[in-house]
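This report covers the nonpolar cores, the surroundings of a ligand and one loop residue.

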Amino acid sequence: MAEQRSDVALIKQIEELQKRLDQATDILNALRSGVVDAIVVSKEDDTEIYQIEHADYIYQVLVESMNEGALTLTKEGVILYCNKAFADMLLINYRHLIGVKLVSLISEEYIGKFESLWQYALSGSGTAELQLQYYGLTIPVYMSCNTHSTKREPSYVFAIVSNISERKRAEEALQKAHYELERRVMERTAELATVNTAIKELNQTLEQRVVEETNRRILHEQMFVQQSKMAAMGEMIRLISHQWRQPLNVISMLAQDIKESYAFGNLDETLVNDNVNTIMQQVNFMSKTIDDFTKLFEPSKEKVRFDVKSAIEGMLSMFGQMFKKSNVDISIGTDQDSILCVDGYPNEFTHVILNILNNDKDAITSKIEADLQGLIDLHISNNEERDKVIVLIKDNGGGISENIIKEIFKPYCSTKREKGTGLGLYMSKIIIENHMGGSLTVRNVDGGAEFTISLDVSKSEII
Ligand SMILES: Nc1ncnc2c1ncn2[C@@H]1O[C@H](COP(=O)(O)OP(=O)(O)O)[C@@H](O)[C@H]1O
Ligand SMILES: [Mg+2]
């Protein structure tokens, strides 16, 4: 009997233990599956709650503490869960968002875009830039959606929402800066175009002005050339009449002689022949004078190589006499071994020398001291480098007054009243400097003026 009781007690005890084992197994399963979050342990005088940190817990913390908005939604777009970050974006408590349709939080103009994102999300995943709107508050966001399906549970949509206000603001600022830059570039381009047009106009008027000025100068120069030709012609006539005075006197005397001899019956063949011969000699001399002078005053056509000394001597052979009569002695000297050939216009050159000599003679003869022996010293030499021919013409006519010495090469500068044209030295400077590439200068030296002509030695002389 006692044995029977103990068997029954044992079976009961086993059943009791089996029950407790089942319970413990259930609890363990519950703990394992995450159904139990915490365990309450009762102690003698206290009760303690132990929270269980199962695997999902860390994800829960992650989702709760992240800065991006996170949502779980039904396929229809109803919010089942949202984290604090999403609720903070809209400045409301997250509890107010549970059960709300996400589309109602999207700005109207973005609804189309949202719907197409939703279609993508339902078939896998999708992303879009949208704008949330909640009571006058608008927030630009970047939304990324994924569908989650399990066999047991219905499909959920998970959404991560990033506030891109800062990025948008930066983009807008960048865009604004870009527009501003573009505007400024356009402004500067327009300014440049205006300046360009102004420069173009200026260039055109400048060109026109240059042409006008050049024409004016050419006309001016032509006028002076014309005037100087007239002056030269006047000079030539003056020189010819000077040269002709003597032969004309002789011819008129002989004509008179023929007339008187005939009246007195003394006109025989010898007298006629003698007189005719002498007249013919004089006429020939006169004709030669014309030829010589015409040649001298004829403008040279092209540059030729000529010897400066020979050209001066040739000219003096015609006019030396005239200077002698005015009591002016002309001497020509050169340095030994000088190279005296230049390239240029010999007639014009000798004309320049004649102009200077005439001025010298005028200065000498106008000096008050009577019986002044005029002296003109011509010296031809080379510079140290031996690449220039230097002609120095010095007189003893008292020099040029200091108040006009800087003006004498300008046109119409003359101290000779109606006897002077004031063009001689002006034209001389043009011939030497513009036509022959040399220089013509003047200075006062002891007792007179000294003119200096410098010309390049002929190219054919330079080896
Ligand atoms: N050798 C000189 N001595 C003094 N004065 C001179 C001499 N050569 C030129 N002049 C001055 O220069 C002026 C200009 O000379 P030029 O141009 O030949 O014109 P013009 O002889 O017709 O006056 C002369 O009027 C004179 O006053
Ligand atoms: Mg003169």
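The sections below describe the model feature by feature.

## Basis

This is a predicted model, in which local features need pLDDT of at least 70 and side-chain atom pairs count only at pLDDT 80 or more, while totals for chains, interfaces and linings use all residues. Residues are numbered from 1 along each chain as its sequence is written, and chains are lettered from A and ligands numbered from 1 in the order in which they are written.

## Nonpolar cores

The largest nonpolar core (buried Ala, Val, Leu, Ile, Met, Phe, Trp, Tyr and Cys residues joined through C-beta atoms within 7 Å; buried means 20 or more other C-beta atoms within 10 Å, with C-beta atoms placed from the backbone) has 41 residues. Val308, Ile353, Leu378, Val389, Val391 and Phe451 touch the most other members. Elements giving two or more residues to this core include helix H8 (346-365) and strand S12 (388-395); helices (H or I, at least four residues) and strands (E, at least two) are DSSP runs numbered from the N terminus. H8 supplies the largest share, seven residues. Apart from this core lies another of 25 residues, including Tyr110 and Val157.

## Ligand 1

Around ligand 1 there are 20 residues (C-beta atom, placed from the backbone, within 6 Å), of which Asn359, Ala363, Ser414, Gly420 and Gly424 come nearest. H8 gives the most to this shell, four residues.

## Lys101

Lys101 is found in the loop between helix H3 (84-89) and helix H4 (111-122). Its C-alpha is 8.6 Å from that of Leu73, 28 residues away in sequence.

Technical notes:
Buried ≥ 20, exposed ≤ 12 C-beta atoms within 10 Å, placed from the backbone.
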